[in-house]
Amino acid sequence: MNIKSIITAAIALLISTACSGGAKQEEVMNKDGKSLVVFFSHAGDNYAVGNIEVGNTKIMADYITEVTGAEQFEIVTHKYDGMAYTPLINLAKEEVKNGELPEYEGDIDLNKYDTVFIGGPVWWGTYPQVMFTFFKKHANDLKGKTVIPFTTHEGSGLANCVEDVKEAFPGANVTKGFSIYGHEVRTEKKKVEKWLNGLGY
């Protein structure tokens, strides 16, 4: 290899290193943007875990906040307070069938966040209808932002939640999502941490 070839190879290596360094810096900058966890969680009578004071999704939302530093907005409605499991799922089925949009308390400005985690239990194949009230109100607020769906469930996995979030927020970068059994959230924190570590946190 002559001197000219060596110099050309050295310059190419330097350019390649500089470019990869720039990409890493950009990734870190994006990760450092403000994050939010939007979630609905149901305390009280739950399938597989009985009567609980803190809902499964709330526990998972707290794990996400602990690892990522994300702020939280809980979608709160008192419509389901004190309901036993069977009447609750029957009501949830009727809400889906009728396309009902129950009201929730308070609200939040999504404009200041770059990444939004969206989570809830799976009721009849998707998120509870009260979450769709939130989605409809903020349909145009997540364009260009990263949206990360997650669910707690007892066999449904992500169900239709990812597809429904994509439909609710056109223009958002919706990831593939994450799900965990509701009965596991109190003992399997490491599963949530592993997922978040895989996202770069």
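**Figure 1. Salt bridge between Glu184 and Lys191.** In this predicted model, the side chains of Glu184 and Lys191 form a salt bridge with an N to O distance of 3.1 Å. The acidic partner, Glu184, is buried, its relative accessible area being 17%. That value places Glu184 in the buried class because the class comprises residues under 20% relative accessible area. Lys191, by contrast, is partly exposed, at 37%.

**Figure 2. Salt-bridge network of Lys79, Glu95 and Glu100.** Lys79, Glu95 and Glu100 are joined into one network by salt bridges that share partners. Within this network, the side chains of Glu100 and Lys79 meet at 3.3 Å, N to O. Glu100 is located in the loop between helix 3 (85–98) and strand 5 (115–121), and Lys79 in the loop between strand 4 (71–74) and helix 3, so the salt bridge ties together parts of the chain that are 21 residues apart in sequence. Glu100 is partly exposed, with a relative accessibility of 29%. Lys79 is likewise partly exposed, with a relative accessible area of 35%.

**Figure 3. Salt bridge between Lys137 and Asp107.** The side chains of Lys137 and Asp107 are paired in a salt bridge, with 3.0 Å from N to O. This pair links distant parts of the chain, the two residues being 30 residues apart. Lys137 belongs to helix 4 (residues 129–137), whereas Asp107 is part of the loop between helix 3 and strand 5. Lys137 is exposed, at 53% relative accessibility. This residue falls in the exposed class because its value is over 50%. Asp107 is partly exposed, with a relative accessible area of 33%. The salt bridges of the predicted model number seven by the criterion applied, and the Lys137–Asp107 pair is one of them.

**Figure 4. Surroundings of His42.** His42 lies in the loop between strand 1 (35–39) and strand 2 (44–46). The residue is buried, with a relative accessibility of 10%. His42 is assigned to this class because its relative accessible area is under 20%. When residues up to four places away in sequence are not counted, His42 touches Ile52, Gly55, Tyr80, Leu88 and Trp123. Of these contact partners, Leu88 lies within the span of helix 3 (85–98).

Note on methods. Residues are numbered from 1 along each chain as its sequence is written. This is a predicted model: local features need pLDDT of at least 70, side-chain atom pairs count only at pLDDT 80 or more; totals for chains, interfaces and linings use all residues. Side-chain values use heavy atoms; hydrogens and water are left out. A salt bridge is a side-chain nitrogen of Lys or Arg within 4 Å of a carboxyl oxygen of Asp or Glu. Helices (H or I, at least four residues) and strands (E, at least two) are DSSP runs, numbered from the N terminus. Buried means under 20% relative accessible area, exposed over 50%, partly exposed in between (1.4 Å probe, protein chains only). Contact means heavy atoms within 4.5 Å.
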